Amino acid sequence: MIIYLSSIVISLLAILIPFKWGQEPERQGAKVAAAMMLLSILRTGIFGTQLDGFDHLGILVDLIGFAGFLVIALFALRVWPLWASALQLIAVTSHLVQMLQIEIHPAAYVLMRYAPSYLVSVTLLTVCLQIKWTGSVSDNNPCWRDWSGQSILGAQKR
């Protein structure tokens with residue numbers, strides 16, 4: 001019970017703190033985390049916790065998280081969204097393991113399914129604390145990439 005309550009507190013802090021100390025990529029990450037948390041609460045409230053069999057709504061929540069963090073990773077000059085999207089891909093993989101009915105230890109499945117979201121929260125909190133303590137990630141480096149003047153191959157458009 002203590003682990004569950006602490007994970008809820010860390011998740012809530014990871015949603016709220018970026019709006020105070022984070023920059024735009026961190027605020028967008030907090031929005032993705034908030035959407036995932038809200039959908040998870042609604043899913044659990046309506047259908048309960050489903051640990052056996054394929055969870056159709058659970059994979060939807062994790063796919064939203066994966067896609068959201070991946071989009072942030074494509075445009076923000078940050079490393080943490082890459083970590084967050086990779087962690088969410090682990091959670092998506094856990095659902096695929098259940099869908100394909102591959103034998104896996106129940107503890108491994110629970111860790112694959114739930115731990116990535118909490119690690120994303122810890123990562124987001126750590127990044128915001130770093131920004132708070134150091135002032136910013138870098139004053140010379142803008143937080144968003146501008147691809148409007150470049151092609152995919154890096155050549156300048158005219």
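Is Q101 buried or exposed? Q101 counts as exposed because its relative accessible area is 70%, above the 50% cut-off. This report treats that residue and several others in the context of the whole fold, and the model described is a predicted one.

## Overall architecture

The protein contains five helices and zero strands. Read from the N terminus, the order of elements is α-α-α-α-α. The helices span residues 2-21 (α1), 24-47 (α2), 56-75 (α3), 80-99 (α4) and 106-134 (α5).

Of the 158 residues in the protein, 34% count as buried. Contacts between residues at least 6 apart in sequence are mostly long-range in sequence terms: 70% of them join residues at least 24 apart.

## The nonpolar core

In soluble globular proteins, nonpolar side chains tend to be buried together. In this model the largest nonpolar core comprises 18 residues, and F69 and W80 have the most contacts inside it. Helices α1, α2, α3, α4 and α5 each give two or more residues to this core. Helix α5 supplies the largest share, with six residues.

The surroundings of F69 can be listed in full. Apart from neighbours within four places in sequence, F69 is in contact with G29, V32, A33, M36, W80, P81, A84, S85, Q88 and V120. W80, the other residue with the most contacts inside the core, is thus among the partners of F69.

## Q88 and its neighbours

Q88 belongs to helix α4. This residue counts as buried because its relative accessibility is 0%, where the cut-off is under 20%. When residues up to four places away in sequence are set aside, Q88 touches M36, D62, G65, F66, F69, P116, S117 and V120.

Two of these partners can be described further. The side chain of Q88 makes a polar contact of 3.3 Å with the side chain of S117. Q88 and V120 are separated by 32 residues in sequence, while their C-alpha atoms lie 8.2 Å apart. M36 and V120, both touched by Q88, are also in contact with F69.

## The largest pocket

The largest pocket has a volume of about 720 Å³. Its lining consists of 28 residues, of which S40, R43, Y114, S117 and Y118 are the closest to the centre. S117 is also the residue whose side chain forms the polar contact with Q88.

Each of the helices α1, α2, α3, α4 and α5 supplies at least two residues of this lining. Helix α5 gives the most, with nine residues. By class, the lining is made up of 15 nonpolar, ten polar and three charged residues.

R43, one of the residues closest to the pocket centre, lies in helix α2. R43 counts as buried because its relative accessibility is 9%. Its side chain is joined to that of D55 by a polar contact of 3.1 Å. Beyond neighbours within four places in sequence, the contacts of R43 are G48, D55, L57, G58 and R113.

## Further buried positions

S94 is located in helix α4 and is buried, with a relative accessible area of 0%. Excluding residues up to four places away in sequence, S94 touches Y109, M112 and R113. R113 is therefore a partner of S94, and R113 is also in contact with R43.

I15, in helix α1, is buried with a relative accessible area of 13%. Outside its neighbours within four places in sequence, I15 is in contact with A30, A33, A34 and M37. A33 is also in contact with F69. I15 and E26 are eleven residues apart in sequence, with a C-alpha to C-alpha distance of 9.3 Å.

## Exposed positions

Q101 is situated in the loop between α4 and α5. Most residues other than glycine have a negative phi. Q101, although not a glycine, has a positive phi of about 55°.

W133 lies in helix α5. This tryptophan counts as exposed because its relative accessibility is 69%. W133 and W21 are 112 residues apart in sequence, yet their C-alpha atoms are 9.5 Å apart in space.

Conventions. Residues are numbered from 1 along each chain as its sequence is written. This is a predicted model: local features need pLDDT of at least 70, side-chain atom pairs count only at pLDDT 80 or more; totals for chains, interfaces and linings use all residues. Side-chain values use heavy atoms; hydrogens and water are left out. On a 1 Å grid over the protein atoms alone, a cavity is a set of points where a 1.4 Å probe fits but cannot get out, and a pocket is an open set with protein on both sides within 12 Å along at least five of seven lines; lining residues have an atom within 4 Å of a point. Grid points are joined across faces, edges and corners, and a volume is the space filled by probe spheres set on the points. Helices (H or I, at least four residues) and strands (E, at least two) are DSSP runs, numbered from the N terminus. Ala, Val, Leu, Ile, Met, Phe, Trp, Tyr, Cys and Pro count as nonpolar, Asp, Glu, Lys and Arg as charged, and the others, Gly among them, as polar. A nonpolar core is a set of buried Ala, Val, Leu, Ile, Met, Phe, Trp, Tyr and Cys residues joined through side-chain atoms within 4.5 Å. Buried means under 20% relative accessible area, exposed over 50%, partly exposed in between (1.4 Å probe, protein chains only). Contact means heavy atoms within 4.5 Å. A polar contact is a pair of N or O atoms within 3.5 Å; within protein, one must be able to donate a hydrogen and the other to accept it, and residues adjacent in sequence count only if both atoms are side-chain atoms.
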